Amino acid sequence: MNKYQEALIIFCEQNTFKDIPKEILEDKYQILKELVDKETPMKPIIIPYDKNKNVLVFECPKCKRRTHTNFPRDYCGECGQAIDWSGE
């Protein structure tokens with residue numbers, strides 16, 4: 001569990017938000033959830049390529065941006081989604 005996931009759990013378990021309008025709480029919850037989702041690594045979509053060119057081509061699982069690179073990147077350059085390369 002990363003620090004953002006932990007913060008989201010604590011946010012959801014709090015009962016001290018009685019004075020804050022529900023609409024504001026829901027908006028802040030959605031913002032925090034987006035951050036948690038972005039920081040939770042997702043497997044990239046590997047695109048077949050010509051192995052003679054030594055270029056890795058992958059698609060971000062979140063925004064579907066296609067990237068050509070010489071090395072695996074930890075984050076999507078377009079949306080910032082964390083990428084999980086384990087097992088690739």
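This passage walks through a predicted model of one protein chain, from its confidence and strands to its side-chain contacts.

In this predicted model, local features are reported only at a pLDDT of at least 70 and side-chain atom pairs only at pLDDT 80 or more, whereas totals for chains, interfaces and linings use all residues. Residues are numbered from 1 along each chain as its sequence is written, and side-chain values use heavy atoms, with hydrogens and water left out.

The pLDDT, which is the predictor's confidence in each residue on a scale from 0 to 100, averages 84 over the protein chain. A score of at least 70 is reached by 95% of the residues. Helices and strands are taken from DSSP runs (H or I of at least four residues for a helix, E of at least two for a strand) and are numbered from the N terminus. Confidence is lowest in helix H1, residues 3–13, with a mean of 76. At the other end of the range, strand E1, residues 45–46, has the highest value, 92.

The sheet is a good place to begin with the fold. Three strands form an open, antiparallel sheet in the order E1-E2-E3, where two strands count as paired if DSSP finds at least two bridges between them. E1 and E3 are the edge strands, each pairing on one side only. Between E1 and E2 the antiparallel pairing runs over two bridges, and Ile 45 has Glu 59 of E2 as its bridge partner.

The loop between E1 and strand E2 (56–59) contains Pro 48. This proline is exposed, at 77% relative accessibility; the classes used here are buried for under 20% relative accessible area, exposed for over 50% and partly exposed in between, with a 1.4 Å probe and protein chains only. Pro 48 is ten residues from Phe 58 in sequence, and their C-alpha atoms are 8.5 Å apart in space.

Phe 58 also takes part in the one aromatic pair of the structure. Rings of Phe, Tyr and Trp (its six-membered ring) are paired when their centres lie within 6.5 Å, and the planes are called stacked at under 30 degrees, edge-to-face at over 60 and tilted for the rest. The ring centres of Phe 58 and Trp 85 are 5.0 Å apart with planes at 85 degrees, so this pair is edge-to-face. Because Phe 58 belongs to strand E2 and Trp 85 to the segment after E3, the contact ties together parts that are 27 residues apart in sequence. Both partners are buried: Phe 58 has a relative accessible area of 1%, and Trp 85 has one of 16%.

Turning to the loop between E2 and strand E3 (66–69), one meets Lys 64. Most residues other than glycine have a negative phi. Lys 64, although not a glycine, has a positive phi of about 70 degrees. Its relative accessible area is 46%, which makes Lys 64 partly exposed.

Arg 65 lies in that loop too, and its salt bridge with Glu 78 links distant parts of the chain, the partner being 13 residues away in the segment after E3. The closest N and O atoms of Arg 65 and Glu 78 are 3.9 Å apart, where a salt bridge requires a side-chain nitrogen of Lys or Arg within 4 Å of a carboxyl oxygen of Asp or Glu. Arg 65 is partly exposed at 34%, while Glu 78 is exposed at 56%.

In total, the search of the whole structure finds six salt bridges. Among them is the pair of Lys 22 and Glu 26, with closest N and O atoms 3.8 Å apart. Both residues lie in helix H2 (residues 22–39), separated by four residues, about one turn of the helix. Lys 22 is exposed, with a relative accessible area of 58%, and Glu 26 is partly exposed at 45%. Another of the salt bridges joins Asp 27 to Lys 28, again with a closest N to O distance of 3.8 Å. Asp 27 is partly exposed at 40%, as is Lys 28 at 45%.

Finally, the cysteines deserve a look. A search of the whole structure finds zero disulfides, defined as pairs of cysteine sulfur atoms within 2.5 Å. For Cys 63, the nearest cysteine sulfur is that of Cys 76, 3.6 Å away. Cys 63 is partly exposed at 31% relative accessibility, whereas Cys 76 is buried at 5%.
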